[in-house]
Amino acid sequence: MKNTFSLTTPLTCLLIAFFSFTAMSQNEIDSIGNKQGEWILSNKNFSLKATFKDNKTVGPMRFYENEKLVLEATEGPDKTYTWKLYTNEGNKEGIAKNNEEGLFRYYDLQSNEIDSTTLIKLNSIGEILPTYNGGINQFHIYIAQNIDSLNIKNEKFKVDFVINQNGKVTDVKIASSTNPNLNDRIIHFFENSPRWNPGFQRFRFVKVKMSIPLNLQ
């Protein structure tokens, strides 16, 4: 008899909040790890579209809310970005600078710090958690197909892992386990997972810590 199991979703992630996600496409990475061609990332409300060549953006990154363009950002020299925010009250433009701590500060075109309303809006756009290509249900299927071969019953695991900037599963650890003899096999399944669509925050791809409980019955 095939094993059954459950994964608790939404996934636990160390960004800002919990969201519902649907992967839109498998974004291309070449043999040396450079992003190439058109990339699309999405969550329930926001989506990002950008074109890459050799890991560098070509033209603006465009952010959409409910399919409406709300922000464009273009990468410049020295970790700076020019941005244009589209709102019902009118459009605003400015510059984002990445400081030594890796945090962005936003300015208008006259190098003045922007108002709090604009800052809140900019910070709310473009935070996208990792998605498995085809959606979380496809990841359920991948795990089920691999676990079924072990004929495991009545075991529970909690798996912590990281999705890196290219969408690869790394740093897999078993946080809890009812059968430590199987830990290495579970880790192997996660480490060999097909690539995810990576997380994105503040105009850049980021590592995201995630956690999934496995209840095998």
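Trp-39 is buried, as is Phe-205. In this predicted model, the rings of Trp-39 and Phe-205 have centres 5.3 Å apart and planes at 70 degrees, so the pair is edge-to-face; planes over 60 degrees apart count as such. The pair links distant parts of the chain, with Trp-39 in strand S3 (residues 37-42) and Phe-205 in strand S16 (residues 204-206), 166 residues apart. A further ring pair is formed by Phe-63 and Phe-203, whose centres lie 6.2 Å apart and whose planes stand at 55 degrees, so this pair is tilted. Phe-63 belongs to strand S6 (residues 61-65) and Phe-203 to the loop between strand S15 (199-201) and S16, so the pair ties together parts that are 140 residues apart in sequence. Both Phe-63 and Phe-203 are buried.

The structure holds 17 aromatic pairs. One aromatic cluster is formed by Trp-39, Phe-52, Phe-63, Tyr-81, Phe-104, Tyr-106, Phe-200, Phe-203 and Phe-205; the two pairs described above thus have their four members, Trp-39, Phe-205, Phe-63 and Phe-203, within this cluster. Lysine side chains were also found over aromatic rings: Lys-35 lies over the face of Trp-39, at 5.6 Å from the ring centre, and Lys-97 lies over the face of Tyr-107, at 5.4 Å from the ring centre.

Both Trp-39 and Lys-35 recur in the surroundings of Glu-28. Glu-28 is found in the loop between strand S2 (12-13) and S3, and at 46% relative accessibility it counts as partly exposed. Apart from its neighbours within four places in sequence, Glu-28 is in contact with Asn-34, Lys-35, Gln-36, Trp-39 and Arg-195. Glu-28 and Phe-52, the latter a member of the aromatic cluster, are 24 residues apart in sequence and 9.2 Å apart in space, C-alpha to C-alpha.

At the level of the whole chain, the protein has three helices and 17 strands. Of its 217 residues, 44% count as buried. Among contacts between residues at least 6 apart in sequence, 53% join residues at least 24 apart.

The nonpolar interior was examined next. The largest nonpolar core contains 26 residues, of which Val-159, Phe-161, Ile-186, Phe-190 and Leu-214 touch the most other members. Two or more residues are given to this core by each of the elements H2, S12, S13, H3 and S17, and the largest share, five residues, comes from S17. Apart from this core lies another, of 24 residues, which includes Trp-39, Leu-41, Met-61 and Ala-73. The surroundings of Val-159 illustrate the packing in the largest core: leaving aside neighbours within four places in sequence, Val-159 is in contact with Val-172, Lys-173, Ile-174, Ile-186, Phe-190, Met-210, Ser-211, Ile-212 and Leu-214.

Two of these contacts of Val-159, Ile-186 and Phe-190, lie in helix H3 (residues 183-191), where Asn-183, Ile-186, Ile-187, Phe-189 and Phe-190 are buried. Seen down the axis of H3, the buried residues fall within an arc of 160 degrees, so they line one face of the helix. These buried residues pack against helix H2 (136-148) and against three strands, S12 (155-163), S13 (169-177) and S17 (208-216).

Local backbone features were noted at helix H1 and in two loops. At the start of H1 (residues 116-124), a side-chain oxygen of Asp-115 reaches to within 3.2 Å of the backbone nitrogen of Thr-117. H1 is followed by Gly-126, whose phi is positive, near 85 degrees. Most residues other than glycine have a negative phi. Glu-67, however, has a positive phi, near 70 degrees. Glu-67 lies in the loop between S6 and strand S7 (68-75) and is exposed, with a relative accessible area of 77%. Ser-111 likewise has a positive phi near 70 degrees; this residue is placed in the loop between strand S10 (104-108) and H1. At 48% relative accessibility, Ser-111 counts as partly exposed.

Technical notes: Residues are numbered from 1 along each chain as its sequence is written. This is a predicted model: local features need pLDDT of at least 70, side-chain atom pairs count only at pLDDT 80 or more; totals for chains, interfaces and linings use all residues. Side-chain values use heavy atoms; hydrogens and water are left out. Buried means under 20% relative accessible area, exposed over 50%, partly exposed in between (1.4 Å probe, protein chains only). Helices (H or I, at least four residues) and strands (E, at least two) are DSSP runs, numbered from the N terminus. The arc is that of the directions from the helix axis to the C-beta atoms. Contact means heavy atoms within 4.5 Å. A nonpolar core is a set of buried Ala, Val, Leu, Ile, Met, Phe, Trp, Tyr and Cys residues joined through side-chain atoms within 4.5 Å. Rings of Phe, Tyr and Trp (its six-membered ring) pair if their centres lie within 6.5 Å; planes under 30 degrees apart count as stacked, over 60 as edge-to-face and the rest as tilted. A charge sits over a ring if NZ of Lys or CZ of Arg is within 6 Å of the ring centre and within 35 degrees of the ring normal. A polar contact is a pair of N or O atoms within 3.5 Å; within protein, one must be able to donate a hydrogen and the other to accept it, and residues adjacent in sequence count only if both atoms are side-chain atoms.
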